Amino acid sequence: MKARAARLHAANDVRIDEFELPPIKDDEILVKIVCDSICMSTYKMAKLGVEHKRVHADVAEHPAILGHELAGDIVEVGAKYKDKYKPGMKFTHQPALNYKGSMDSPGYSYEFCGGDTTYCIMPMEVFECNCFLEYKGEAYYDAALAEPLSCSIGAVNAMYHTKMGDYNHLMGIKKGGKLAIVAGGGPMGLGAVTYILNRDVTPGMLVVTDIDQSRLDRAAELFPPEEYAKKGIDVRFINTKDMADPAAELREISGGTGFDDVLCYAPIPAVYEQAVDILGRDGCLNFFAGPTDTKLKGLTNMYDIHYNSTHIMGTTGGNTNDMLESLKLTEEGRIYPGVMVTHIGGLDCVPETTMDLPNIPGGKKLIYTHTNMPLTALTELRARAEELNDDRYAVLADLVDTHNGLWNLEAERYVLEHFVID
């Protein structure tokens, strides 16, 4: 079968290639990729090439398909899995395989497996590690976003608290406690918000800070504080830009006690130190934001670590159970991963978008791999219709407006019916 994909040939060398996929083996599955969400990790591997730990040394001879936040349909099933999987089944996957200690991962390390392609082959390792996940929902983008959302789910699940005289950690955020997401107005922060507010164990207070009022206003529109107040959760979206002493004012908002749980969503020393300073007794800080500077440092209150039992940790990515939780809550309609999407595009825009990703504002860039579409912000769909004299973009703009500015199932279906080229 022929495939068309965005593939890495070397550092800073991403190309759209057409090639023939080999016949699948008994322990492989041929799949159709419907959509993929571009991750900053993909930008890093594209910049580093073989210097990246997950990119194989002979990538020039065997280019790697980009993309690991994917969703699609099964096309053909190898003999080994015919009793378990059927053609037409929707799926996503957990890309962090850790197969026998290997760093190899779809979207980084495989010539014939990744998300930015029309078709690919899921290798044996994906099934051996139980990382091939059935999706029973409707929207493909929800399944593709299960992986990035699982990172925030993992961060929340990894939080912990202690009990004086007991060496067993109490895992998870404090039930009914006070939780702050510092620099949380962006797409990943909103993903964390939709999860934290709608999971089984919720805080009694959720404070989300940012220095961009438009992002905070948008967050408040998506998660109306008055609605969550009815559920017993005090939700506040706070702009710290003009605060003389943000940490002091945030502690005051907490009632003077500080916060039980704090998630830091920006790899900036001043933001990290602010997160440290608002921790309450036995407060847990998860430094979630991944820095690129290997020598990045921020001040930590050593007195509070010793006498107030504050503790600091960090997580990167989620595990398969976190993805399964994401899929389950999405299928039940309890969380909405679509809050993270700000742009859509086709396969042809992947090379340029990937290499310029740090300079493109907004959140998740969602790629429909069987289309050719310029990368377009959801807020610019109507302008794109005029620019290209293409009424299809105006229809998408109407569908997005109807859903409070969010990407949605009806818009996805329209793309798959009217933009697909093969």
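Met-124 belongs to helix α2, residues 124–128, in what is, I should say at once, a predicted model. With a relative accessible area of 21%, Met-124 is partly exposed, because buried here requires a value under 20%. Leaving out residues up to four places away in sequence, Met-124 touches Asp-27, Glu-28, Tyr-81 and Tyr-99. Its C-alpha atom is 8.9 Å from that of Lys-25, although 99 residues separate Met-124 and Lys-25 along the chain.

That brings me to Glu-28, which sits in the loop between β2 (13–20) and β3 (29–38). Which side chain of opposite charge is nearest to this buried residue? It is Lys-25, at 4.5 Å, and Glu-28 has no salt bridge. A salt bridge is counted only within 4 Å. The side chain of Glu-28 does, however, reach the backbone nitrogen of Lys-25, at 2.9 Å. Beyond its neighbours within four places in sequence, Glu-28 is in contact with several residues, among them Pro-23, Val-77, Tyr-81, Ile-121, Met-124 and Phe-127.

I turn next to the salt bridges that do form. The whole structure contains 19 of them. In one, Lys-174 and Asp-260 meet through their side chains at 3.8 Å, N to O. Lys-174 lies in the loop between β10 (166–171) and β11, and Asp-260 in strand β14, so this pair ties together parts that are 86 residues apart in sequence. Lys-174 counts as partly exposed, at 43% relative accessibility, whereas Asp-260 counts as buried, at 13%.

A second pair is Arg-382 and Asp-398, whose closest N and O atoms are 3.0 Å apart. Here the link runs between helix α13 (residues 381–388) and helix α14 (residues 391–402), so parts that are 16 residues apart in sequence are tied together. Arg-382 is partly exposed at 36%, and Asp-398 is partly exposed at 41%.

A third pair, Arg-218 and Glu-221, has its closest N and O atoms 3.4 Å apart. Both residues are in helix α6 (residues 213–222), three residues apart, and are therefore separated by about one helical turn. An α-helix has 3.6 residues a turn, so residues three or four places apart point the same way. Arg-218 is partly exposed, at 23%, as is Glu-221, at 45%. There is also a network of salt bridges that links Asp-200, Lys-328, Glu-332 and Arg-334.

Lys-328 of that network leads us to helix α11, residues 320–331. At its N-terminal end, Asn-319 acts as a cap, with a side-chain oxygen 3.0 Å from the backbone nitrogen of Asn-321. The 12 residues of α11 should span 16 Å, and the end C-alpha atoms are 16 Å apart, so expectation and model agree. The buried residues of α11 include Thr-320, Asp-322, Met-323 and Leu-327. Among the elements that cover its buried residues are β6 (90–93), α4 (146–158) and α5 (187–198). Just after the helix, Gly-333 takes a positive phi of about 75°.

Finally, the nonpolar interior. Which residues touch the most other members of the largest nonpolar core, which has 69 residues? They are Ile-181, Ile-196, Phe-223, Leu-263, Leu-396 and Trp-407. Helix α4 gives the most to this core, with seven residues. Phe-223, with residues up to four places away in sequence not counted, touches residues including Leu-190, Val-193, Leu-197, Phe-237 and Val-339.

Methods. Residues numbered from 1 in each chain as written. Predicted model: local features only at pLDDT ≥ 70, side-chain atom pairs only at ≥ 80, totals over all residues. Heavy atoms only, no water. Helix = DSSP H or I, 4+ residues; strand = E, 2+ residues; numbered from the N terminus. Buried < 20%, exposed > 50% of the residue type's maximum accessible area, 1.4 Å probe, protein only. Lys, Arg positive; Asp, Glu negative; His and termini not counted. Polar contact = N/O pair within 3.5 Å; in protein donor to acceptor, adjacent residues only side chain to side chain. Contact = heavy atoms within 4.5 Å. Expected span 1.5 Å × (residues − 1). Core = buried A, V, L, I, M, F, W, Y, C linked by side-chain atoms within 4.5 Å.
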